[in-house]
Amino acid sequence: MSDLAARLSQLDSHLARYRPGGILNLIGGQDVAGSGGSFETRSPVDESLICAVSRSGAADVDAAAKAAKAAFPAWAAMEGAKRKAILHRIADLIEARAEEIALCECWDTGQAWRFMSKAALRGAENFRFFADQAPGARDGQTLRGPAQLNVTSRQPIGPVGVITPWNTPFMLSTWKIAPALAAGCTVVHKPAEFSPLTARILAEICREAGLPDGVLNLVNGFGEDAGKALTEHPDIKAIAFVGESKTGSMIMKQGADTLKRVHFELGGKNPVIVFEDADLDRALDAVIFMIYSLNGERCTSSSRLLVQESIAEDFHARLVERVNRIKVGHPLDPATEVGPLIHKVHFDKVLSYVGIGKAEGATCAAGGERVGDKGWFVRPTLFTGATPGMRIAQEEVFGPFLTSIPFKDEAEALAIANDVAYGLTGYLWTNDLTRALTFADRLEAGMIWVNSENVRHLPTPFGGVKASGIGRDGGDWSFDFYMETKNVAFALGAHKIQRLGA
């Protein structure tokens, strides 16, 4: 039996248990059907039905929010060491079910096995990292003032809503939920309707690990129903969201009446800038990896290539050759590098930009077409000869779609790089240390990698500027969002107090 056939057989056994009753919500520790009936989730590989999914509305979100509110006092009061132990058990169970999670994620999202095979393990790492921070999450500082001693501490903010995307849903769910739980918050999780499978597995794992009922609640559904109800609910104190910038704007409006705290990881049109003095072999590898891995469906993808004119022709020739060799295929095939896009809606969007790019006068140097006649496969696409004002250079495509723009010198490269609404990441390739320092300092992005692709280090801050987000994840920065800081000032002695009306 081939690797593909074996994985398909394993996948079928994992999915079998969801087919009779579908994917249910988890509210207050109980499996509950959605009040709005159900909807279907289908695989982008061949459009086949996976199973039915509970469709939640305001009543379901209200029940979940009340369950989270009821569970909050005891969970927040639990010793950090006990929360740590539970979170480590969750990580253990994630590792035990890592293959199941990866198979389901590939089938539900179209992501290639070569990337998703490690997704669950990254999720376990997220839980372990924040588990170890739980005992000290409330710690603060001692600050001396004139005749005064200030002591700060942190407290969990309360029940929070977590709304996660469909591109790498399991890892991103753990990236939000783990620090919230470590901080002492309770959670209502609404996953993307296009990829509900692994959110349900995570909820099952948390319950099995001994997470108390109501601490993590799962509500499935659509943004206009369940999502809106969650962002407006008065018992939900904060919303952590990963997704499109326009959706983030809507969430801010919906949460305004209840003064929701928000943390947004939003879109990007991230530049990778390649100077003539760079290690061009390594730069080429990084350029290709950061746009065509994960089907290009990643917020940190380097979707704009800025390449110095003096090397552009040769760099493009090598790039075209490599892009044309990228293997598009079944996501469970270990040889596949790019799988299908998540859904027909997104497939149509990505291919529409091929027509836009051609109409704007850029050159489609590779790809730009559907692969096969079943599933939502798109051949990796490269446009060259673009100018900064073109839509393909300004708007987030969120697919295996790279736009290349030439530049003359450092000043022009910086102007082009900053001339977009977004500011999530930037990638800089140069062997000039002074240029690297000054360019990175002036580049409008929350995260910048110099002579590297995106390599995450969990203690570092993750987030963007401009239309790419609000706030930071990672390390202690996550606790800044999920916790409130309190200051207590102690007088040291009998200082003079003004006497009014004496």
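Where is proline 388 found? Look in the loop between β15 and α14 (391–394), and you will meet this residue there. Before we go on, keep in mind that this is a predicted model. With 26% relative accessibility, proline 388 counts as partly exposed, because that value falls between the limits for buried and exposed. Leaving aside residues up to four places away in sequence, proline 388 touches Ala393, Gln394, Ile405 and Ile416. Along the chain, alanine 417 is 29 residues apart from proline 388, and the C-alpha atoms of the two are separated by 8.8 Å.

The strand before that loop, β15, takes us into a sheet. Seven strands form this open sheet, and you can trace them in the order β14-β15-β16-β13-β12-β18-β19. Their pairing is mixed. At the edges stand β14 (363–366) and β19 (447–450), each of which pairs on one side only. From one strand to the next, the twist averages 20°. For a parallel pair, pick out strand β12 (residues 271–274) and strand β13 (residues 304–308), which are joined over four bridges. One pairing to find by eye is valine 272 with its bridge partner in β13, leucine 305.

Helices lie across this sheet too. Helix α13 (residues 344–360) lies across β14, β15 (381–384) and β16 (401–407), and runs at about 20° to β15. Helix α16 (residues 433–442) lies across β12, β18 (425–429) and β19, and its angle to β18 is about 165°.

Let us stay with α16 for a moment. Which of its residues are buried? They are Arg435, Ala436 and Phe439. These residues cover an arc of only 100° around the axis, so they sit on the same side of α16. A general rule helps here: an α-helix has 3.6 residues a turn, so residues three or four places apart point the same way. The buried residues of α16 pack against β12, α15 (410–418), β18 and β19. Turn to the other side of α16, and you find Leu433, Thr434, Leu437 and Asp441 exposed. The N-terminal end of α16 has a cap, aspartate 432, with a side-chain oxygen 3.1 Å from the backbone nitrogen of threonine 434.

Now compare another helix, α3 (residues 80–96). It has 17 residues and reaches 24 Å from its first C-alpha to its last, close to the 24 Å expected at 1.5 Å a residue. Its buried residues are Gly80, Arg83, Ile86, Leu87, Ile90, Ala91, Leu93 and Ile94. Because they cover an arc of only 165° around the axis, they lie on the same side of α3. There they pack against a set of other helices: α2 (58–77), α4 (98–109), α6 (119–133), α7 (169–183) and α8 (197–208). On the other side of α3, Lys82 and Ala96 are exposed.

Next comes an open sheet of three strands, in the order β5-β6-β22, with antiparallel pairing. Why does one side of β5 and of β22 have no neighbour in the sheet? Both β5 (142–145) and β22 (483–491) stand at the edges with a single partner strand each, so one side of each is left free of a neighbour. The twist in this sheet averages 25° from one strand to the next. Four bridges join β5 to the antiparallel strand β6 (residues 148–156), and arginine 144 stands opposite leucine 149 in β6. Helix α17 (residues 475–482) lies across β6 and β22, at about 85° to β6.

For a hairpin, go to strand β3 (residues 38–42) and strand β4 (residues 49–54), an antiparallel pair joined by five bridges. Here threonine 41 stands opposite cysteine 51 in β4. Six residues lie between the strands of the hairpin, where glutamate 47 takes a positive phi near 65°.

Our last stop is histidine 233, in the loop between α9 (223–232) and β10 (238–242). Is this residue buried or exposed? Its relative accessible area is 9%, so histidine 233 is buried. Not counting residues up to four places away in sequence, histidine 233 touches Val61, Asp62, Ala65, Thr258 and Lys260. A polar atom of the histidine 233 side chain also lies 3.1 Å from the backbone nitrogen of aspartate 235.

Key:
Residues are numbered from 1 along each chain as its sequence is written. This is a predicted model: local features need pLDDT of at least 70, side-chain atom pairs count only at pLDDT 80 or more; totals for chains, interfaces and linings use all residues. Side-chain values use heavy atoms; hydrogens and water are left out. Two strands pair if DSSP finds at least two bridges between them. Helices (H or I, at least four residues) and strands (E, at least two) are DSSP runs, numbered from the N terminus. Axes are lines fitted to C-alpha atoms, for helices over the stretch in contact, and angles run from 0 to 180 degrees between N-to-C directions. Contact means heavy atoms within 4.5 Å. Buried means under 20% relative accessible area, exposed over 50%, partly exposed in between (1.4 Å probe, protein chains only). A polar contact is a pair of N or O atoms within 3.5 Å; within protein, one must be able to donate a hydrogen and the other to accept it, and residues adjacent in sequence count only if both atoms are side-chain atoms. The expected span of a helix is 1.5 Å times one less than its number of residues. The arc is that of the directions from the helix axis to the C-beta atoms.
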